[in-house]
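Please open the structure in your viewer and keep the selection panel at hand. The tour below proceeds from one selection to the next and states what is found at each stop.

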Amino acid sequence: MEDVAVVEKPAQAQPKKLKPARKQVKPGEIEKKETPQTGKEYNIWYNKWAGGDMEDNYSNKVHAAKRCSMRKDAGYTRADTAGTKYCCLFFARGQCPYGWECQYLHRLPPPADELPETSKDCFGRDKFSDYRDDMGGVGSFLKQNRTIYVGRIKESGPGHETEEVVRRHFKEWGEVERIRVLQGRSVAFVTYVRELDAQFAKEAMACQSLDNDEILNVRWATGDPNPVAKVAEKRRLEEIGQQAIANKIDPRTIDAMRHIRALEDEEELPLALEEEGRQAKRLRLEAGEDDLAEDQAEEEEPEEEQPLQPSGLLSADTLEGMKHFAEIRKRQQSTSKPPPPKTGLGSLGDYGSDEDD
C-alpha cells in the first residue's frame, strides 16, 4: 500500500477584529481639584487668575491621575458608526468613563483630509488666530505646527540615551519625524509627521512622566530659528500646495503648461515628462475623454488626419497641448456674442450745428 503524502495548507491570517473601547475609569472616580489661586484679577480671555505670585505655574502642577494606553484602551465606539471624525479629549488623557459608548473616537486621529473643518483640532476644539502667551491651549489656524516642546525632563545619561527615552514614550501617538534634545537643559523638541498626531500627543503627555517620575511641561514649540529647517519647511508646504492644485486641474492643461514653460526657458523637455504626457494621453484615449473628436466624427466623416509630427523644437506632446488650448479659445469665441453694430453717423450724430441750413 502506497503512502500518500499529506500537504498541509498554511493557515490563512484571520483579519484582526476591532475590539470595543475600554472604559478607562469609573464614573466619578476622577475628581477635579482646583489649585489654590494667588492672582488678584480674573482674566476672562485666558480663563485664569492673573497677577499675584509670579512663580512658575508648573511648580504647582501635580502628576496626571491616569495615562492613555493605545494597546489597552483603543477600540471602536459609537463614533465609528455615526461618522464622527473627532477624537475624545478625555480618552487622550486616559480619563474617559464611557468606553465604547462614547460619541467620539477612541483611537489616533484620522487623516487630515477626512476632518470636516481645518479650523478645528483633532478633538473638535476651535483654533485661534494666535498662540497663547504660554504656548499652551489649542493653537493657531494660521500656522501648521508639528513640533511640541517637552520640558522638565530628568536626564539620567548622555543626550542619545535621553533621546531614546523620549522617542519610546512619544512614538505611541504617531510617526515621529525627528527629536532634538538640548543636553543639560532638560528640554526636548518632538516633531511629528502629521500635525494631528502632535495635537493628540500634546494632550496625552501633559503632566505625565517618562522614566524618572517627573512632571512634564508639554506645550507648542515656537518657530525653529535654524535657516535650513525654515527652507525645508517652506519647500514641504510648497510641495503640498502644488500637489493639491495638481489634483484639481485637468492633466492636459498641466502637460501643455510644462511644454510651454520648457520652450520659454529654451530647455529640452525631460524624457520623464514626455513619457508622462504620452501615458496620460493614452489613458485619455482609452477612457474616451476626447468628446470633441467623437462629436465631429458623428456629424461628418472628416478626412484622414495625419498625426502631428514634431518639427524643430516642438515635440508631438507640445503640439497636442497647443491644439487643446486653441480648441478652448475657439469655443469661448463661439459662445461670446459680438457687440451690436453702430447705425447712422455713430458718435457724430450727437453733435448739433449753429446753422439753420
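Begin by selecting Met205, a buried residue with a relative accessible area of 0%. Note that the model on display is a predicted one. Met205 is found in the loop between H5 and S6. Beyond its neighbours up to four places away in sequence, Met205 touches Arg67, His169, Phe170, Trp173, Leu210, Leu216 and Val218. Add Ala64 to the selection: its C-alpha atom is separated by 8.9 Å from that of Met205, although the two positions lie 141 residues apart along the chain count.

**The loop between H5 and S6**

Stay in this loop and select Cys207, which also has its place between H5 and S6. Cys207 is not a glycine, yet its phi is positive, at about 60°. Most residues other than glycine have a negative phi. With a relative accessible area of 14%, Cys207 is buried.

Next, select Gln208, again in the loop between H5 and S6. Is Gln208 buried or exposed? Its relative accessibility is 3%, and because the limit for a buried residue is under 20%, Gln208 counts as buried. Display the residues in contact with Gln208, leaving aside those within four places in sequence: they are His63, Ala64, Lys66, Arg67, Glu214, Ile215 and Leu216.

**The nonpolar core**

Now select Phe170, one of the residues with the most contacts inside the largest nonpolar core. Which residues does Phe170 touch, not counting those up to four places away in sequence? They are Ile148, Val150, Val176, Val190, Tyr192, Met205 and Leu210. The contact with Met205 leads back to the start of the tour.

Widen the view to the core itself, which has 40 residues. Alongside Phe170, the residues with the most contacts inside this core are Ile148, Trp173, Val190, Tyr192 and Phe200. Colour the elements that give two or more residues to this core: the helices H3 (89–92), H4 (159–170) and H5 (195–204), and the strands S3 (147–151), S4 (176–182), S5 (187–192) and S6 (217–220). H5 gives the most, with five residues. In soluble globular proteins, nonpolar side chains tend to be buried together.

For a contrast in exposure, select His160, which lies in helix H4. His160 is exposed, with a relative accessible area of 52%. Its C-alpha atom is separated by 9.7 Å from that of Arg180, 20 residues apart from His160 along the chain.

**The loop between H3 and S3 and the cavity**

Move to Lys127, whose place is in the loop between H3 and S3. Although lysine is classed as charged, Lys127 counts as buried, at 11% relative accessibility. Apart from residues up to four places away in sequence, Lys127 touches Thr118, Ser119, Lys120, Asp121, Val138, Gly139, Ser140, Phe141, Glu195 and Gln199.

Lys127 also lines the largest cavity, together with Tyr131, Val138, Gly139, Ser140, Lys143, Asn145, Glu195, Gln199 and Trp220. Select these residues as a group to frame the space, which has a volume of about 40 Å³. A search of the whole structure finds one cavity of 30 Å³ or more. By class, the lining has three nonpolar, four polar and three charged residues.

In the loop between H3 and S3, select Met135 as well. Met135 is a residue other than glycine with a positive phi, near 60°. At 15% relative accessibility, Met135 counts as buried.

**The cysteines**

Select the cysteine sulfurs next. How many disulfides are there? The count comes to zero. For Cys68, the nearest cysteine sulfur is that of Cys88, 9.4 Å away. Cys68 is buried, with a relative accessible area of 2%.

Why is Cys87 not bonded to Cys122? The sulfur of Cys122 is the closest cysteine sulfur to that of Cys87, but the two are 5.1 Å apart and therefore too far for a bond. Cys87 is buried, with a relative accessible area of 1%.

**The whole chain**

Finally, clear the selection and view the protein in full. There are 10 helices and six strands. Of its 357 residues, 27% count as buried. Among contacts with a separation of 6 or more, 66% are between residues 24 or more positions apart.

Conventions. Residues numbered from 1 in each chain as written. Predicted model: local features only at pLDDT ≥ 70, side-chain atom pairs only at ≥ 80, totals over all residues. Heavy atoms only, no water. 1 Å grid on protein atoms, 1.4 Å probe; cavity = no way out; pocket = protein on both sides within 12 Å on 5 of 7 lines; lining within 4 Å. Points joined across faces, edges and corners; volume = space filled by probe spheres on them. Core = buried A, V, L, I, M, F, W, Y, C linked by side-chain atoms within 4.5 Å. Buried < 20%, exposed > 50% of the residue type's maximum accessible area, 1.4 Å probe, protein only. Helix = DSSP H or I, 4+ residues; strand = E, 2+ residues; numbered from the N terminus. Contact = heavy atoms within 4.5 Å. Disulfide = S-S within 2.5 Å.
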